[in-house]
Amino acid sequence: MAIRAVMERCVVMVAIDGVQSLDITGPAEVLAVANRFRPKHAPAYRIELASLTGQPIKTHAGYEIGPCMAITDVAADADMILVCGGGELPMMTAMQDADFLAWLRLHAGQARRMASICSGALLFAAAGLLKDKRATTHWNLHRFLPLIEPSVQLEPDAIFVAEPPIYTSAGVTAGIDLAMAFVEEDLGTETARAVARELVLFLRRPGGQSQFSAGIQTTASTPRLKTLLADIIENPDGDLSVPALAARVGQSERHFARTFRTETGTTPAAFVETARVERVKLLLETTDWPLARIAERSGFGSLDMLHRSFLRKTGITPGAYRQRFGGVGG
């Protein structure tokens with residue numbers, strides 16, 4: 001038994017009903033394939049699946065994944081705990097389950113790594129594991145994380161965030177990226193590269209979540225500003241300077257800038273830049289136009305401005321984005 005313990009790392013995948021199956025199977029497959037390529041004498045990953053009750057997990061796709069052990073049967077010396085999310089109602093129930101939250105806190109103090117996949121970060125927040133820590137989750141859940149744990153330092157564009165022994169990752173396939181990082185740290189870059197080749201993955205994915213997020217938020221309480229935000233998004237190629245925008249709503253520049261930030265949480269310039277980048281994304285996805293034409297139609301004064309803004313906002317170049325998401329001429 002002692003020899004076996006040295007040669008295995010116990011990895012427990014924990015999930016709630018309604019989970020997206022890839023949250024479980026993606027990281028699990030990365031670790032399973034890594035076992036085939038690991039250096040001689042390196043410990044293998046032993047992957048186990050757990051649910052709150054020990055019953056098979058009902059996935060978002062409608063089928064069940066099992067068999068599962070109950071979380072109360074998870075060994076105290078588990079090397080890694082990977083906690084996935086679940087459906088809205090099961091998640092709400094789990095977040096109020098004192099025994100489950102205590103279980104998370106217990107293993108966070110024992111495991112070498114305690115990681116969340118997608119909405120699993122909300123469970124970590126409910127258990128107090130993200131207090132004063134950097135963290136991320138799926139872009140569509142960002143607004144909930146600070147509500148559960150006000151001291152969390154949200155990194156909205158991160159694919160995953162490491163605050164050892166706590167790790168959080170973004171939506172669905174980001175769990176694969178996190179598992180790849182674990183393999184590289186545990187077994188070396190060559191093994192991680194072999195796994196990436198086998199599964200046709202990036203060894204390290206370029207860019208962040210902003211590549212995938214659906215547009216920009218347009219919250220505003222006053223009808224006049226709400227209309228202006230919609231106009232900016234619809235027509236990002238006009239004169240959208242602060243003086244021009246202030247004139248459109250009949251306010252002084254200073255009052256407009258102050259009101260805009262209060263109601264939207266950002267500056268007019270930052271909102272305009274985001275709207276223009278979103279238009280660039282749309283044109284890259286749906287047209288084969290040259291970048292110079294896209295720059296003109298999205299309101300960027302030059303190709304250089306487009307490149308710098310797009311790279312800053314998304315983490316990748318326009319050309320790389322078109323290769324990945326473009327649907328014209330492919």
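The following is a conversation between a biologist and a modeller about how terms are applied to this predicted model.

Biologist: What should I keep in mind about how this model was read?

Modeller: This is a predicted model, in which local features need pLDDT of at least 70 and side-chain atom pairs count only at pLDDT 80 or more, while totals for chains, interfaces and linings use all residues. Residues are numbered from 1 along each chain as its sequence is written, and side-chain values use heavy atoms, with hydrogens and water left out.

Biologist: What makes the sheet an open one of mixed pairing, and which strands stand at its edges?

Modeller: The open sheet has 7 strands in the order 5-2-1-6-7-11-10, with mixed pairing; strands here are DSSP runs of E of at least two residues, helices are runs of H or I of at least four, and both are numbered from the N terminus. Two strands count as paired if DSSP finds at least two bridges between them. Strand 5 (69-70) and strand 10 (160-163) each have a single partner strand, so one side of each is left without a neighbour in the sheet, and these two stand at the edges.

Biologist: How do you know that strand 7 is paired with strand 6 and with strand 11?

Modeller: Strand 6 (residues 80-83) and strand 7 (residues 113-116) pair in the parallel sense over 4 bridges, and strand 7 pairs with strand 11 in the parallel sense over 3 bridges, so both pairs satisfy the requirement of at least two bridges. Met 114 of strand 7 has Ile 81 opposite it, and its bridge partner in strand 11 is Ile 166.

Biologist: In which sense do strand 10 and strand 11 pair, and what joins them?

Modeller: Strand 10 and strand 11 pair in the antiparallel sense over 4 bridges, with Val 161 standing opposite Thr 168 in strand 11, and a hairpin joins the two strands through 2 residues. In general, strands of a sheet pair through backbone hydrogen bonds, either parallel or antiparallel.

Biologist: Why is helix 2 called oblique to helix 8?

Modeller: Helix 2 (residues 21-37) and helix 8 (residues 189-199) pack at an angle of about 120 degrees, with their axes 9 Å apart. The axes are lines fitted to C-alpha atoms, for helices over the stretch in contact, and angles run from 0 to 180 degrees between N-to-C directions. Angles under 35 degrees count as roughly parallel, over 145 as roughly antiparallel, 65 to 115 as roughly perpendicular and the rest as oblique, and therefore helix 2 is oblique to helix 8.

Biologist: Which residues make that contact, and how do they divide?

Modeller: With contact meaning heavy atoms within 4.5 Å, helix 2 contributes Glu 29, Val 30, Val 33, Ala 34, Arg 36 and Phe 37, and helix 8 contributes Thr 191, Ala 194, Val 195, Glu 198 and Leu 199. These residues divide into 7 nonpolar, 1 polar and 3 charged, where Ala, Val, Leu, Ile, Met, Phe, Trp, Tyr, Cys and Pro count as nonpolar, Asp, Glu, Lys and Arg as charged, and the others, Gly among them, as polar.

Biologist: Why is Thr 191 called buried?

Modeller: Buried means under 20% relative accessible area, exposed over 50%, and partly exposed in between, with a 1.4 Å probe and protein chains only; Thr 191 has 6% relative accessibility and therefore counts as buried. Thr 191 touches Ala 34, Phe 37, Arg 38, Pro 39 and Val 183, not counting residues up to four places away in sequence.

Biologist: Are Cys 118 and Ser 119, in the loop between strand 7 and helix 5, buried or exposed?

Modeller: Cys 118 is buried, because its relative accessible area is 8%, and Ser 119, at 10% relative accessibility, counts as buried too. Ser 119 touches Gly 85, Gly 86, Met 91, Thr 137 and Leu 141, leaving aside residues up to four places away in sequence.

Biologist: What makes the backbone at Cys 118 and at Pro 165 worth pointing out?

Modeller: Most residues other than glycine have a negative phi, and most peptide bonds are trans. Cys 118 has a positive phi of about 55 degrees although it is not a glycine, and the peptide bond from Pro 164 to Pro 165 is cis, with omega near 5 degrees. Pro 165 lies in the loop between strand 10 and strand 11. The peptide bond from Gly 66 to Pro 67 is also cis, with omega near 0 degrees.
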